[in-house]
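Trainee: I would like to learn how to read a structure feature by feature. Could we go through this one together?
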Amino acid sequence: MKKFFVLFFFIIFTVLMFSFSYHAYRFVIEYTKDKQYTRYEEVYYKDGDKIVFVKIPRRIIWVKLGDKYYMGTSDKLKLCPPIKDLEDIFLEYANSHGISLDFNGEITISEKAFTLKALKIDGLLRNVIRKFEDVITEMQYIYTLSNYTFNEILQNFKFIDKSEVPQSIYNIFNLFLWFNVEYEDDVLKVYAIDKDGENILLEISDKSGDYQVGEYYLTILESSDKTREEILNEISSNS
């Protein structure tokens, strides 16, 4: 009986602790008809803020602090567009559907363009799966204790409130259902899905591109005609 109560209070403590903060390793696996993409991350979470160390396929760090996001490859992180991982997307759509997060087991959220499936065990999110057409993206969690607190990790970084993306084109991201951003050879690449479920690929650079926006350049590599027009209208109205 004593062992039972010790185990019971340990479980309750763990659930309460991780409802406000957690340290976890995450595997993100994306399956298509032709290939499989894998990302490996380490995450520190506290009260809605996140520090994410992407380790594979390319080392990069992004941080969410309140309504600001920062990204970089060293201890100097620059302001960047909002980043939503599968966890954020699930929480956003659960909230919009009025679904309580106080659940154990599996739930499914169906939208016009995609479905989301999430599994929680002992109050902890274990995986989130998104299915969009023939693309399946899965995020798996492994929770562990850490020798460092969120704030101890945070103090290792210098946050620079200068963005690689001009403020005048931030509104472009409101046109997308979801998106990911990453740096490649000093170019910010934006991989997105528009609200009609079509693929988008953009490049933002301070050196060259098809459309100049302030001191930066935008190149639309892939987009539907409708979304291309919406993007061009957005940057024209904010120039």
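Mentor: Happily! Let us begin with a loop residue: aspartate 122 is placed in the loop between strand 8 and strand 9 (124-132). Keep in mind that this is a predicted model.

Trainee: What is the phi of aspartate 122?

Mentor: Its backbone has a positive phi of about 55°, although aspartate 122 is not a glycine. Aspartate 122 is also partly exposed, with a relative accessible area of 43%. Now look at glutamate 133, another residue other than glycine with a positive phi, near 50°. Glutamate 133 belongs to the loop between strand 9 and strand 10 (135-143). Its relative accessibility is 56%, so glutamate 133 counts as exposed, the cut-off being over 50%.

Trainee: Is the peptide bond from isoleucine 56 to proline 57 cis or trans?

Mentor: That bond is cis, with omega near 15°. You will find proline 57 in the loop between strand 3 (49-56) and strand 4 (60-65).

Trainee: Let us move to the rings. What describes a pair of aromatic rings?

Mentor: Two things do: the distance of the centres and the angle of the planes. In this model the count comes to 16 aromatic pairs. Take phenylalanine 114 and tryptophan 178: the ring centres are 5.1 Å apart and the planes are at 90°, so this pair is edge-to-face. Phenylalanine 114 lies in the loop between strand 7 (105-110) and strand 8 (115-121), while tryptophan 178 lies in strand 12, so the pair ties together parts that are 64 residues apart in sequence.

Trainee: Are phenylalanine 114 and tryptophan 178 buried or exposed?

Mentor: Phenylalanine 114 is buried at 3% relative accessible area, and tryptophan 178 is buried at 8%. For another geometry, try phenylalanine 173 and phenylalanine 179: their ring centres are 4.8 Å apart with planes at 45°, so the pair is tilted. Both of these phenylalanines are buried.

Trainee: Which charged end sits over the ring of tryptophan 178?

Mentor: That of arginine 130, at 3.8 Å from the ring centre. Similarly, lysine 120 lies over the face of phenylalanine 103, 5.1 Å from the centre of the ring.

Trainee: And how many residues line the largest pocket?

Mentor: There are 41, and Glu30, Tyr37, Arg39, Asn180 and Tyr191 lie nearest its centre. The pocket's volume is about 1200 Å³. Strand 12 (residues 176-184) gives the largest share of the lining, with six residues. By class, the lining has 21 nonpolar, six polar and 14 charged residues.

Key: Residues numbered from 1 in each chain as written. Predicted model: local features only at pLDDT ≥ 70, side-chain atom pairs only at ≥ 80, totals over all residues. Heavy atoms only, no water. 1 Å grid on protein atoms, 1.4 Å probe; cavity = no way out; pocket = protein on both sides within 12 Å on 5 of 7 lines; lining within 4 Å. Points joined across faces, edges and corners; volume = space filled by probe spheres on them. Helix = DSSP H or I, 4+ residues; strand = E, 2+ residues; numbered from the N terminus. Nonpolar A, V, L, I, M, F, W, Y, C, P; charged D, E, K, R; others polar. Phe/Tyr/Trp six-rings, centres within 6.5 Å; stacked < 30°, edge-to-face > 60°. Buried < 20%, exposed > 50% of the residue type's maximum accessible area, 1.4 Å probe, protein only. Lys NZ or Arg CZ within 6 Å of the ring centre and 35° of its normal.
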